[in-house]
Amino acid sequence: MDDVGSLGALFPLTWPIPSPTTHKHLLQLSDLSREEDLQRNAGSFRHWWTAITSTKDAIVAQQKKANPASPYVDKTLGMLSTPEARLGLQKLVYLYESALACFPTSFKLWKAYLQMRCLYVLGKSTKPKRAGGRKKLAEMREALEDELETAETWDSGLDGVIGWEEWKALVATFERAITWLPTVRRPCRASLRWTGMLMSYNTDATTLVNVLHPLPAPTMPRSTLAYSCSKNF
């Protein structure tokens with residue numbers, strides 16, 4: 001399971017968008033009460049946010065108990081090196097996509113979703129601390145240079161060759177989020193900028209810059225839950 005071909009066959013994990021009808025292990029018996037609650041309260045953002053948060057905490061706890069992967073797999077797949085992590089990503093994508101079917105203009109939901117997807121694909125992010133203050137009315141050149149010096153970087157990400165399909169799925173999600181920018185309920189939309197994401201990621205897969213339109217616009221999960229939510233917009 002450590003060769004390039006078998007590792008590459010694991011991806012993409014998030015396209016087509018995971019749903020209980022296509023991924024049999026996505027839901028367990030213990031999740032049925034949560035699904036029923038979300039169906040009854042599909043229009044409640046609080047119920048969706050609580051379900052996502054509790055699921056995320058359970059996934060983190062489960063990943064800590066998982067058996068570690070081999071050094072090569074861990075270095076190549078990063079956060080997705082264990083089966084528990086890969087299943088956890090699919091569970092979270094299913095929940096976030098179902099919630100976005102009900103609240104497609106929620107800035108908070110989109111931002112949390114994109115940050116979660118970046119964590120699994122790009123790895124843990126680090127941003128250098130800024131020394132001194134920032135000029136209020138700096139010239140464009142100075143502002144860009146200052147931004148590059150403190151640009152966010154990521155460590156232990158998914159290999160850009162083996163995980164090529166997953167990278168394309170991530171970029172397609174960012175593009176879909178950008179299409180909702182004119183309607184998001186927040187004055188500031190700069191947090192959804194993604195152009196620096198691939199530029200800052202240190203990888204040998206330099207062809208990643210050519211994935212502006214990797215996939216057609218992803219559709220919402222074809223589950224009963226998402227279908228019932230889709231009637232709200």
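Axes here are lines fitted to C-alpha atoms, and the angle between two of them runs from 0 to 180 degrees between N-to-C directions. With that in hand, the helix packing in this predicted model can be read step by step. Two packed helices are described by the angle between their axes and the distance between the axes.

A good place to start is the pair formed by helix α2 (residues 32–40) and helix α3 (residues 45–65), whose axes lie 10 Å apart and make an angle of about 160°. Angles over 145 degrees count as roughly antiparallel, and α2 and α3 are therefore roughly antiparallel to each other. Their crossing is left-handed. On the α2 side, the residues that take part are R34, D37 and L38, and these meet H47, W48, A51 and T55 of α3. Sorted by class, this contact between α2 and α3 is made of 3 nonpolar, 2 polar and 2 charged residues.

The next pair can be described in just the same terms. Helix α6 (residues 107–122) and helix α8 (residues 164–179) have axes that come within 11 Å and cross at roughly 165°. By the cut-off of 145 degrees, α6 and α8 are therefore roughly antiparallel to each other. The crossing in which α6 passes α8 is left-handed. From α6, the contact draws on W110, Y113, L114, R117, C118, V121 and L122, while α8 supplies E166, W167, A169, L170, T173, F174, R176 and A177. The classes in the contact of α6 with α8 come to 11 nonpolar, 1 polar and 3 charged residues.

Aromatic rings offer another view of the fold, and the structure holds 4 aromatic pairs. One of them brings together F45 and F103, with ring centres 5.4 Å apart and planes at 80°, so the pair is edge-to-face. This pair links distant parts of the chain, since F45 sits in helix α3 and F103 in the loop between α5 and α6, 58 residues apart.

Some details of the backbone also deserve a friendly second look. Most residues other than glycine have a negative phi, and most peptide bonds are trans. Against that background, the bond joining F11 and P12 is a cis peptide bond, with omega about 5°. P12 belongs to the loop between α1 (4–8) and α2. The peptide bond from W15 to P16 is cis as well, and its omega is near -5°; P16 is likewise found in the loop between α1 and α2. Further along, S156 is a residue other than glycine with a positive phi, near 60°, and its place is in the loop between β2 (153–155) and α8.

How confident is the prediction, and where does it vary? For the protein chain, the mean pLDDT is 78, and 67% of the residues reach 70 or more. Among the elements of the chain, helix α5 (residues 83–102) has the highest mean pLDDT, at 95, whereas helix α9 (residues 195–200) has the lowest, at 41. Over residues 187–233 the pLDDT is below 50, and in the model this stretch has 104 contacts beyond near neighbours in sequence.

Note on methods: Residues numbered from 1 in each chain as written. Predicted model: local features only at pLDDT ≥ 70, side-chain atom pairs only at ≥ 80, totals over all residues. Heavy atoms only, no water. Helix = DSSP H or I, 4+ residues; strand = E, 2+ residues; numbered from the N terminus. Parallel < 35°, antiparallel > 145°, perpendicular 65-115°, else oblique. Left-handed = near helix turned anticlockwise from the far one by under 90°. Contact = heavy atoms within 4.5 Å. Nonpolar A, V, L, I, M, F, W, Y, C, P; charged D, E, K, R; others polar. pLDDT = per-residue confidence, 0-100. Phe/Tyr/Trp six-rings, centres within 6.5 Å; stacked < 30°, edge-to-face > 60°.
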